[in-house]
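Q: Please take a close look at the salt bridges of this model, and set them in the context of the whole chain. A connected account would be welcome.

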Amino acid sequence: NKPLSLFWSGGIDSTVALVALLKAAPDGRLSDLTVHLSAASIEEYPEFYTDHIDGKITTATISSSVNPTDRYTPEDIFSSKATTEIAKALKHSLVITGELGDQCFGSAGFANNPDKIGSTVEDYLANENLTSVRDEIDALMATCPIPVNSVTTMMWWWNFTVKWSEVRFRSLTAVDDPADFSNVRHFFDTNDFQRWSIANDDLKIKDTIASYKWTAKDFIHSFAGDDDYRDQS
């Protein structure tokens, strides 16, 4: 019986969360939902904003920053305008984010170097920059419950195991009242999504960068029907 505040970046993960809410919302209950967004959010997915948000759902504007509202870098994580707005929203509503989608679906660590997708695990690990931590890498890889036969699987496992807690809390760095944490709902932070992630290695990425999170993009497409967003984002 609390209102919902969804922080939407226009990216895949937060759009999945928003689509799920829009599909599940009972008639007349969209008035309980506020979508928090910035100019960067609209620029990321303008068609969805025009067709499904603008004039249809209550919105709250986050002043623009360099990155969309659910993306962080080490340099701006503690100064993100979104974290301040999240802390405010937690006082009166359940806050929904798209966090932990990256950890469930893999890693975008190959985005700037598509060749990584097709390289072998051994070739990737032969990089001299990894020599000093190779023992730790091998120990981590040995704990993976599924075969690690590709770089994409390997990088998913690193992301899934090593970054989960950091990502779970990074958007909450401006929260100063521990009681407010009970109002956080990271959409992908469930045991079922973790089980799905482990059991469905073939549903995260194929052999191109454009296919990353293709299952999630198909889910969005089933609602919004935007071919370009599905095929190019």
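A: What follows begins with the overall fold, turns to the salt bridges, and then looks at one helix and one pocket.

The model is a predicted one, and its secondary structure comes to 13 helices and five strands. The radius of gyration is 18 Å, close to the 17 Å that the globule rule gives for 233 residues, so the protein is as compact as a globular protein of that length. Along the principal axes, the C-alpha atoms fill a box of roughly 55 × 40 × 30 Å, and 45% of the 233 residues are buried. Of the contacts with a separation of 6 or more, 71% are accounted for by residues that stand 24 or more positions apart.

Against that background, a search of the whole structure finds 14 salt bridges. One of them joins the side chains of D177 and K91, with N to O at 3.5 Å. This pair links distant parts of the chain, since D177 belongs to the loop between α10 (164–170) and β5 (184–186), while K91 belongs to the loop between α4 (81–89) and β4 (94–97), 86 residues apart. K91 also forms a salt bridge with D180, and here the closest N and O atoms are 3.0 Å apart. D180 lies in the loop between α10 and β5 and K91 in the loop between α4 and β4, so this pair ties together parts that are 89 residues apart in sequence.

The three residues can also be described by their accessibility. K91 counts as exposed because its relative accessibility is 52%, where the cut-off for exposed is over 50%. D177, with a relative accessible area of 27%, is partly exposed, whereas D180, with a relative accessible area of 8%, is buried. K91 therefore has one partner that is partly exposed and another that is buried.

A further salt bridge is set within a helix: the side chains of D138 and R134 meet with N to O at 2.9 Å. Both residues lie in helix α8 (residues 134–142), where four residues, about one turn of the helix, separate them. D138 counts as partly exposed at 35% relative accessibility, and R134 is likewise partly exposed, its relative accessible area being 22%. Elsewhere, salt bridges that share partners join D13, D102 and K213 into one network.

Helix α8 also holds L140, which counts as partly exposed at 22% relative accessibility. Apart from its neighbours within four places in sequence, L140 is in contact with W157, W158, T161 and V162. The C-alpha atoms of L140 and V19, by contrast, are separated by 35 Å, and these two residues are 121 residues apart along the chain.

The last feature is the second largest pocket, which has a volume of about 160 Å³. Its lining consists of K2, L4, L21, L22, A24, A25, P26, R29, L30, D32 and L33. Helix α1 (residues 12–24) gives the most to this lining, with three residues. By residue type, the lining of the second largest pocket divides into eight nonpolar and three charged residues, with no polar ones.

Note on methods
Residues numbered from 1 in each chain as written. Predicted model: local features only at pLDDT ≥ 70, side-chain atom pairs only at ≥ 80, totals over all residues. Heavy atoms only, no water. 1 Å grid on protein atoms, 1.4 Å probe; cavity = no way out; pocket = protein on both sides within 12 Å on 5 of 7 lines; lining within 4 Å. Points joined across faces, edges and corners; volume = space filled by probe spheres on them. Helix = DSSP H or I, 4+ residues; strand = E, 2+ residues; numbered from the N terminus. Nonpolar A, V, L, I, M, F, W, Y, C, P; charged D, E, K, R; others polar. Salt bridge = Lys/Arg side-chain N within 4 Å of Asp/Glu carboxyl O. Buried < 20%, exposed > 50% of the residue type's maximum accessible area, 1.4 Å probe, protein only. Rg over C-alpha atoms; globule rule 2.2 N^0.38 Å. Contact = heavy atoms within 4.5 Å.
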